[in-house]
Amino acid sequence: MSEPVDKGPADQTLVERVLVDGDEGAFRTLYRRHTGPVYRFVLGKVGHDAREAEELVQEAWYRAAAALEGFEWRSRFRTWLFSIAHNCVRERFRKNGRHTTEDPQDHEIVRTPEPLEGIDLERAIESLADGYRTVLLLHDVEGFTHAEIAEILGVAEGTSRSQLVRARRAVRRMLRPKEESNVD
Amino acid sequence: MSTDPTDWTAEEEAELQGLPRPEPSRLLEERVVRQLHERGVLRSRSHSPRLLRYGVAAVIGLVIAASGFAAGRRSTESPEPVTRVVHEAVPPPDPIIVPADCPPHAEPEAPRTRVPSTHVHAEPTRPKPVPRQVETDDPVDVPPSIELYRVDASDREQMVLYF
């Protein structure tokens, strides 16, 4: 739920070192701090194609480094990097004629309509439609706030909230179908 | 206390955090770093130029100090004081005495140069050099080709005859 504890220098310090000295060590620290979550986020978006996900993460880092000087720290570096990665994914999808389910209001919450009994949490989350799954993972696993999720995905904050509630309910329904049917 | 009925229970939260977290390959990091080097965003590996300058200065200082120490040690460890052999200098030969009745442009008396062997007590042998060793600290360097010899009186007479 929360951001992993990292006792290294603050992101802003590292970014300054990269900008002033071209400090490779500072960049590697930044990279190792943030790449894992960004990679998992992108991997979920591209249907677990590891090669494509790595290409997109590389592109995201390149764009981030190129735009580093203009970053004004109005948001966390992490949030900014996720939004860049998200844009990379959208551009790749547009180029390839694929489409994402950015607005889950228009889509089913669960890709598999019938609740599955006896599945584990991982499979339940995997069964969610792309937008719902993304919000749930960003909020509940990566620890982003709704405001940050709204910035990353380019949606309203309220949308992020409602998606999260629906996503959680859908997962519960899959994990414990009887309990959730009484709630609904 | 949670107000959202959809909030995860502690057990579910733990399960969420235990979800597999795939990581990108190590090669991706190297590709990204290399790309940023090529684009001029990054410079040296884990050393800022400032640190690099300090390092180079320190190495140069060490080299200079080591060479100075070695030179100083070499001069103090010189085994013996330099000993030079200086051959004794011989005073110039006496001037040739010409008799008063000798005409000014007299022909050289060739036979005078020929001395009967009976008058010569022995074949003039070349005297052996008698070097004298002198210990000196002066940086005098005498070429070894210069050899001076001690000549005794009888030899001098002989030399006059040769002239």
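1. Let's start with chain B. Read along its sequence, the elements go α-α-α-β-α-β-α, which comes to five helices and two strands. Keep in mind as you look around that this is a predicted model.

2. How much of chain B is buried? Of its 163 residues, buried ones make up 11%. The chain exposes about 13800 Å², and carbon and sulfur atoms supply 59% of that area. As for contacts with a separation of 6 or more, 68% of those in chain B are between residues 24 or more positions apart.

3. Now chain A. From the N terminus on, you'll read α-α-α-α-α-α-α-α-α; in other words, nine helices and zero strands. If you're scrolling through chain A looking for a strand, you can stop.

4. The burial figures for chain A are worth setting beside those in point 2. Here 52% of the 184 residues count as buried. Chain A exposes about 8800 Å², with 47% of it supplied by carbon and sulfur atoms. Residues 24 or more positions apart account for 61% of the chain A contacts that have a separation of 6 or more.

5. Next, the nonpolar core. The largest one has 59 residues. Which members touch the most others? They are F27(A), V42(A), W61(A), F77(A), L136(A) and V171(A). Pick these six if you want a quick way into the core on screen.

6. V171(A) deserves a closer look. Leaving aside residues up to four places away in sequence, V171(A) touches L121(A), A124(A), I125(A), L128(A) and L136(A), plus W8(B) from the other chain. L136(A) is another of the core residues named in point 5.

7. On to empty space. A search of the whole structure turns up two cavities of 30 Å³ or more. The second largest has a volume of about 40 Å³. Its lining is made of F27(A), L30(A), W61(A), A64(A), A65(A), L68(A) and F77(A). The elements giving two or more residues to that lining are α2 (24-45) and α3 (50-67) of chain A, and α3(A) gives the largest share, three residues.

8. What is the lining of that cavity like: nonpolar, polar or charged? It divides into seven nonpolar residues, no polar and no charged. Three names from the core list come up again here: F27(A), W61(A) and F77(A).

9. The second largest pocket has another character. About 390 Å³ of space lies in it, and 20 residues line it. Nearest its centre are R40(A), H48(A), L137(A), P20(B) and P22(B), so named residues from both chains appear in this lining. Its residues divide into nine nonpolar, three polar and eight charged.

10. Which elements build that pocket? In chain A, α2, α5 (121-127) and α6 each supply at least two residues of the lining. The largest share, six residues, comes from α2(A).

11. Last, a glycine. G131(A) lies in helix α6 (residues 130-141) of chain A. Is G131(A) buried or exposed? At 5% relative accessibility, which is under the 20% cut-off, G131(A) counts as buried. The C-alpha atoms of G131(A) and L153(A) are separated by 9.2 Å, and the two residues sit 22 apart along the chain.

How values were computed
Residues are numbered from 1 along each chain as its sequence is written. Chains are lettered from A and ligands numbered from 1 in the order in which they are written. This is a predicted model: local features need pLDDT of at least 70, side-chain atom pairs count only at pLDDT 80 or more; totals for chains, interfaces and linings use all residues. Side-chain values use heavy atoms; hydrogens and water are left out. On a 1 Å grid over the protein atoms alone, a cavity is a set of points where a 1.4 Å probe fits but cannot get out, and a pocket is an open set with protein on both sides within 12 Å along at least five of seven lines; lining residues have an atom within 4 Å of a point. Grid points are joined across faces, edges and corners, and a volume is the space filled by probe spheres set on the points. Helices (H or I, at least four residues) and strands (E, at least two) are DSSP runs, numbered from the N terminus. Ala, Val, Leu, Ile, Met, Phe, Trp, Tyr, Cys and Pro count as nonpolar, Asp, Glu, Lys and Arg as charged, and the others, Gly among them, as polar. Buried means under 20% relative accessible area, exposed over 50%, partly exposed in between (1.4 Å probe, protein chains only). Contact means heavy atoms within 4.5 Å. Accessible areas come from the Shrake-Rupley method with a 1.4 Å probe; for residues, only the protein chains shown count as cover. A nonpolar core is a set of buried Ala, Val, Leu, Ile, Met, Phe, Trp, Tyr and Cys residues joined through side-chain atoms within 4.5 Å.
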